[in-house]
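Reader: I would like to learn how to read a structure like this one, feature by feature. Where do we start?

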Amino acid sequence: MQKIKAGDEVMVIAGKDKGRRGRVIRVLPERDGIVVENANKVKKHKRANPQANDSGGIIEQEKPLHRSNVAIYNPNTGRPDRVGIRDGEAGRRVRFFKSDNTLID
């Protein structure tokens, strides 16, 4: 079970976007990457492709951050928090905030 999943609200804790909050768009487990909306935005020069009816230009897109540079946001405390995993009811594993033991899922 992963500690951070798509749809979670996270806070960037290191790098040029430190302190920025956003939702997780995509998790890349093979690269230990996490794509967060409105964080780590870069400009990409896109070449036009008339056969596919694509116009060229400069587009902005989010690039992955390493998972060690983000922490899940705890709305109860208003701060980033660590995540723990334990066995819940009916044998399911559940995630919880380490600071106040409240369940995430």
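Author: We start with accessibility. This is a predicted model, and every value below is computed from it. A residue counts as buried under 20% relative accessible area and as exposed over 50%, with partly exposed in between. E9 has a relative accessible area of 25%, so E9 is partly exposed.

Reader: With which residue does E9 form a salt bridge, and how far apart are the closest N and O atoms?

Author: A salt bridge is read from a side-chain nitrogen of Lys or Arg within 4 Å of a carboxyl oxygen of Asp or Glu. Here the partner of E9 is R21, and the closest N and O atoms are 2.9 Å apart. E9 belongs to strand β1 and R21 to strand β2, so the pair ties together parts that are 12 residues apart in sequence. R21 is partly exposed as well, at a relative accessible area of 42%.

Reader: How many salt bridges does the structure hold?

Author: There are five. Besides the R21 pair, consider K41, E60 and E62, which are linked in a network of salt bridges.

Reader: Which distances go with K41 in that network?

Author: From N to O, K41 and E60 are 3.8 Å apart. K41 sits in strand β4 and E60 in strand β5, residues 57-62, so this contact ties together parts that are 19 residues apart in sequence. For K41 and E62 the N to O distance is 4.0 Å. That second pair also links distant parts of the chain, with E62 in strand β5 and K41 in strand β4, 21 residues apart.

Reader: Are the members of this network buried or exposed, or in between?

Author: K41 is partly exposed, with a relative accessible area of 34%. E60 is partly exposed at 48%, and E62 is partly exposed at 22%.

Reader: Now the strands. In what order do they form the sheet?

Author: To read a sheet, follow the pairing from one strand to the next. Six strands form an open sheet here, in the order β6-β3-β2-β1-β7-β8, and the pairing is antiparallel. At the edges are β6 (65-66) and β8 (79-81), each of which pairs on one side only.

Reader: How many bridges join β1 to β2?

Author: Three bridges join β1, residues 9-12, to β2, and the two strands run antiparallel. One residue that can be followed across is V10, whose bridge partner in β2 is G22.

Reader: What does the record say about residues 3-30?

Author: In UniProt, an unreviewed entry lists residues 3-30 as "domain: KOW". In the model, this stretch is 0% helix and 43% strand, and its end C-alpha atoms are 15 Å apart.

Reader: How is empty space found in a model?

Author: Rolling a probe the size of a water molecule over the atoms shows where empty space is left. In this structure, the largest pocket has a volume of about 370 Å³. Its lining is made up of 17 residues, and K3, I4, I34, R67 and V70 lie nearest the centre.

Reader: Which strands supply the lining of the largest pocket, and what classes of residue does it hold?

Author: At least two residues each come from β2 (21-28), β3 (33-36) and β7 (70-74). Of the strands, β7 gives the most, with three residues. By class, the lining has nine nonpolar, three polar and five charged residues.

Reader: Which residues other than glycine have a positive phi?

Author: Phi is a backbone angle, and its sign can be read residue by residue. N38 is one case, with phi near 60°. N38 is in the loop between β3 and β4 (41-46), and at 42% relative accessibility it is partly exposed. Another case is N101, with a phi of about 60°. N101 lies in the segment after β10 (93-97) and is partly exposed, with a relative accessible area of 46%.

Reader: Where is E89, and how far is E89 from N40?

Author: E89 is in the loop between β9 (83-87) and β10. At 70% relative accessibility, E89 counts as exposed. From C-alpha to C-alpha, E89 and N40 are 38 Å apart in space, and they are 49 residues apart in sequence.

Technical notes
Residues are numbered from 1 along each chain as its sequence is written. This is a predicted model: local features need pLDDT of at least 70, side-chain atom pairs count only at pLDDT 80 or more; totals for chains, interfaces and linings use all residues. Side-chain values use heavy atoms; hydrogens and water are left out. UniProt positions are given in the numbering used here, feature names are shortened, and annotations may be inferred rather than shown by experiment. Helices (H or I, at least four residues) and strands (E, at least two) are DSSP runs, numbered from the N terminus. On a 1 Å grid over the protein atoms alone, a cavity is a set of points where a 1.4 Å probe fits but cannot get out, and a pocket is an open set with protein on both sides within 12 Å along at least five of seven lines; lining residues have an atom within 4 Å of a point. Grid points are joined across faces, edges and corners, and a volume is the space filled by probe spheres set on the points. Ala, Val, Leu, Ile, Met, Phe, Trp, Tyr, Cys and Pro count as nonpolar, Asp, Glu, Lys and Arg as charged, and the others, Gly among them, as polar. Two strands pair if DSSP finds at least two bridges between them. Buried means under 20% relative accessible area, exposed over 50%, partly exposed in between (1.4 Å probe, protein chains only).
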